[in-house]
Structure formats: C-alpha cells, structure tokens
Amino acid sequence: MADILIVGAGPTGLTAALSLAALGITPRIIEARTNASNLSRAVGLLPGSMTIFDHLGIAERVRGEAVTIEEARILRDGHLAVDLRLDADPDPNVRLLSLPQDRTEAILAEALAERGVTVEYGKACKGLIQDESGVTVAIEGGEEIRAHEVLGADGAKSAVRQALGLKAEGIELPEDWSIADVELAEPVPPATTIHLNGAHDAVFMIPMERSRVRLVSNTSDALATFGPGLAIARVRREAKFRISVKQVPTYRVGHVALAGDAAHTHSPVGGRGMNLGIDDAAHFAEALSDGSLAGYSAARHAVGAHTIGLSERARKTLLGGSGTRRTVGVTLMRLASRNPALARKLARTIILG
Ligand SMILES: Cc1cc2nc3c(=O)[nH]c(=O)nc-3n(C[C@H](O)[C@H](O)[C@H](O)COP(=O)(O)OP(=O)(O)OC[C@H]3O[C@@H](n4cnc5c(N)ncnc54)[C@H](O)[C@@H]3O)c2cc1C
C-alpha cells in the first residue's frame with residue numbers, strides 16, 4: 001500500500017509530490033496524459049510560489065528561465081492610461097515572474113525525478129472507494145492502487161472530486177474567453193499590457209520570453225481584440241475557453257483531499273490560479289508530514305475564498321460590463337501610478353494580493 005497517492009501531475013500535483021519527497025515521504029503520482037504537457041496555460045509566478053520553490057531547491061532554475069515583468073500598462077481605447085513599475089519594490093522578492101506553465105511543470109518533474117519519484121503517465125483515475133484502513137483508487141484499464149491518503153490534484157473536472165460526491169459551487173461566466181500564444185518578429189520589453197476597449201472588451205498581453213507573448217481576452221478572439229501593433233512571426237496556439245468561479249465546500253473527505261483547480265477555479269485576472277494550487281500543495285504536504293491534516297480543509301478553504309474574492313474584484317472592476325466601474329478603477333490606478341508611494345503600494349497589491 002502506498003502512503004500517499006497523488007492524482008494529477010499538473011503544477012499542483014507535482015508541487016505536492018516534490019514537497020512530500022523533500023519531507024522524506026515518497027509519494028506515487030499518476031497522470032491521465034501519456035506524456036508531459038506542452039501547454040503554457042498559466043504564466044505568472046508570484047512571490048509565494050517562489051518561496052515554496054526556494055524551499056524545494058528549484059527557485060534558481062525557475063529564475064534562470066523566467067522573465068521578470070518590469071512594468072504594467074493599461075491602454076484605454078488605445079491611449080496609455082496607466083504605466084506602473086512592477087520592479088521598483090526595495091524587497092527583491094516582490095517581483096512578478098513569467099514562465100510558461102509547461103516549463104514550470106518540467107522543472108518540478110525534473111527535480112522530482114532527482115529525488116527518485118517519477119510520474120506514472122497513462123493512468124487515469126476512474127473512481128475510488130474508502131474504508132477504515134485507506135483508499136482504493138480504480139485506474140482506467142482495470143488496475144487498482146491502494147493508499148493510506150489520496151490527493152486529488154486532477155484539475156477543474158476532477159474525477160476524485162466527483163468520486164467524493166462533492167460539487168464545486170459558484171457561477172459560470174457566460175462569455176467565451178480566448179488565448180493566443182504568439183512568437184514575435186521583434187523582442188518586446190518585459191511589460192504586461194492590458195488593452196481595455198469600450199465598456200467590456202479586454203486583452204491582456206504577458207511576455208513569456210523576449211520574443212514570445214501570451215494574449216488572454218474576455219472575447220472570443222484575443223488577436224483581433226489586441227488589434228494591430230504586434231509584429232507576429234508565428235501564432236503557436238489559439239484556443240477558446242470558458243471560466244467558472246467556483247469552490248468546493250470542503251477540501252477533505254475521509255482520507256481523500258483536494259488541491260488546486262480540483263478545489264477552486266476563477267478567472268485568470270490577477271494570475272492567481274496556478275499559484276493558489278502550488279500553495280495548497282505545499283500546505284498539504286506539510287500537514288501530512290506533521291499530522292495536522294484535520295485542519296487542512298478549513299485553512300485552505302479560507303485562503304481559496306480570499307483569493308477568489310481578490311480575483312473577482314479585479315475582474316469586475318476591469319471587465320465587469322459597467323463602463324463606469326471601469327472608468328473609476330482605471331482613473332484611481334492612474335492617480336496612484338503617478339505618486340511614488342501609492343505606486344509602490346499598488347504594485348505590491350498586484351503582486352502580493
Ligand atoms: C488561459 C489560462 C491562463 C491562465 N493564466 C494563469 C496565470 O497567469 N497564473 C495563474 O496562476 N494561473 C493561470 N491559469 C490557471 C492555471 O492554469 C490553473 O490554475 C492551473 O493549471 C491549475 O493547476 P492544477 O495542477 O491544479 O490543475 P491542472 O493544471 O489542470 O492539472 C491537472 C492534471 O491532472 C490530470 N488529470 C485530469 N484528470 C485525471 C484523472 N482522472 N486521472 C489522472 N490524472 C488526471 C490532467 O491531465 C492534468 O495534468 C490560467 C488558466 C487558463 C485556462
């Protein structure tokens with residue numbers, strides 16, 4: 001019987017596995033995909049994740065590949081409305097880094113392999129049952145894995161969550177969102193740019209490498225919403241997606257816990273989702289190792305609810321559909337960005353929450 005089985009090798013599952021291995025607990029980790037992901041969904045890495053990565057010994061590898069975002073700009077109908085330094089805080093840890101999610105996952109998986117744990121690809125959890133001594137997890141194809149504890153880190157459609165009979169509660173946003181992963185003909189400065197068009201449309205541009213950017217929009221066509229002004233060499237990927245703002249009522253039932261998108265989802269505004277999952281994972285590992293798992297659900301539910309609240313306030317201010325709220329929000333940010341003390345405070349709020 002395994003001590004702990006982690007279902008899902010996204011950033012949450014990999015961080016949980018590496019954190020456990022670093023604490024001397026050898027987990028098993030299964031993944032439905034047959035190989036590593038090459039999707040760069042999340043790009044923003046916040047200081048909290050970097051502190052965790054520091055403890056796990058991978059912060060330098062991440063910093064070596066990541067771009068430090070130096071500035072945030074907001075353009076309102078094509079005119080520069082806010083220009084805010086994000087790299088001016090005297091604390092060098094208060095920085096926003098950008099790295100494609102597949103690279104973050106690759107660095108985590110590499111460090112995990114160095115500790116002797118490899119991801120078991122091609123094993124999809126189909127369900128589970130619990131008894132007094134542990135959990136039996138059914139794998140597609142007929143295999144069964146027994147474990148004392150299971151962590152469901154299997155994303156927004158979590159099979160583990162469904163097997164527990166838990167429902168993520170909240171709302172689904174009605175509109176299609178879109179992303180584009182774009183290689184440019186010329187390098188761009190390391191600044192994140194938000195184009196706000198009219199009362200509702202928006203597109204966020206986040207540099208991932210010197211000549212590669214991510215566009216995310218609350219419209220169905222991020223490239224069209226960005227408009228001209230990008231020297232595009234190649235569009236690597238375009239996709240549409242829907243957003244749920246949801247959270248499970250409890251993060252643990254019996255010997256099965258949830259973490260990451262399996263427990264909570266929200267909009268990409270503020271770039272919190274992956275970072276919250278990484279934080280859940282590190283806390284889960286610590287709680288498992290020091291015998292305090294009983295408090296895991298309440299503690300992480302509170303942190304998740306707080307983060308969803310922050311992300312929702314930012315989304316409603318910037319994209320909420322009321323032109324007035326957008327105007328007031330942008331005006332306040334413009335005023336703050338022109339006063340050095342307020343600008344530093346605003347930058348800290350954006351980076352630290
Ligand atoms: C367009 C977009 C942009 C985003 N930008 C940001 C950002 O800038 N910053 C940020 O912090 N977040 C961002 N996010 C959110 C971020 O991508 C997610 O919060 C993050 O991927 C969650 O990680 P996770 O490991 O919990 O889940 P996932 O990344 O979904 O990983 C779950 C893993 O479980 C596997 N799996 C699923 N079902 C099973 C099963 N039955 N058995 C075994 N394995 C299974 C999946 O294959 C997957 O590998 C963005 C999301 C999107 C869509």
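How far is an oxygen atom of the ligand from an N or O atom in the side chain of Gln 101?

1. To start with that one: the gap to the Gln 101 side chain is 2.9 Å, taken from an oxygen atom of the ligand to an N or O atom of the residue. Keep in mind as you read that this is a predicted model.

2. Two other side chains are worth a look here. Arg 41 has a side-chain N or O atom 2.4 Å from an oxygen atom of the ligand. For Asn 275, a polar side-chain atom sits 3.0 Å from a ligand oxygen.

3. How much of the ligand does the protein cover? On its own the ligand would expose 990 Å², and the protein buries 86% of that.

4. Now the shell itself. There are 31 residues around the ligand, and those that come nearest are Glu 31, Arg 33, Arg 41, Asp 261 and Met 274. By class, the shell splits into 14 nonpolar, ten polar and seven charged residues.

5. As for helices, H1 (11-22) and H7 (273-290) are the elements that give two or more residues to this shell. H7 gives the most, with three.

6. Away from the ligand topic, have a look at H8 (residues 296-319) and H9 (residues 323-337). Their axes come within 6 Å and cross at roughly 105°. Angles of 65 to 115 degrees count as roughly perpendicular, so that is how H8 runs relative to H9.

7. Which residues meet there? From H8 you get Arg 313, Lys 316, Thr 317, Leu 318 and Leu 319, and from H9 Arg 325, Arg 326, Gly 329 and Met 333. Sorted by class, this contact has four charged, three nonpolar and two polar residues.

Conventions: Residues are numbered from 1 along each chain as its sequence is written. This is a predicted model: local features need pLDDT of at least 70, side-chain atom pairs count only at pLDDT 80 or more; totals for chains, interfaces and linings use all residues. Side-chain values use heavy atoms; hydrogens and water are left out. Axes are lines fitted to C-alpha atoms, for helices over the stretch in contact, and angles run from 0 to 180 degrees between N-to-C directions. Helices (H or I, at least four residues) and strands (E, at least two) are DSSP runs, numbered from the N terminus. Angles under 35 degrees count as roughly parallel, over 145 as roughly antiparallel, 65 to 115 as roughly perpendicular and the rest as oblique. Contact means heavy atoms within 4.5 Å. Ala, Val, Leu, Ile, Met, Phe, Trp, Tyr, Cys and Pro count as nonpolar, Asp, Glu, Lys and Arg as charged, and the others, Gly among them, as polar. A residue is near a molecule or strand if one of its heavy atoms lies within 4 Å of it. A polar contact is a pair of N or O atoms within 3.5 Å; within protein, one must be able to donate a hydrogen and the other to accept it, and residues adjacent in sequence count only if both atoms are side-chain atoms. Accessible areas come from the Shrake-Rupley method with a 1.4 Å probe; for residues, only the protein chains shown count as cover.
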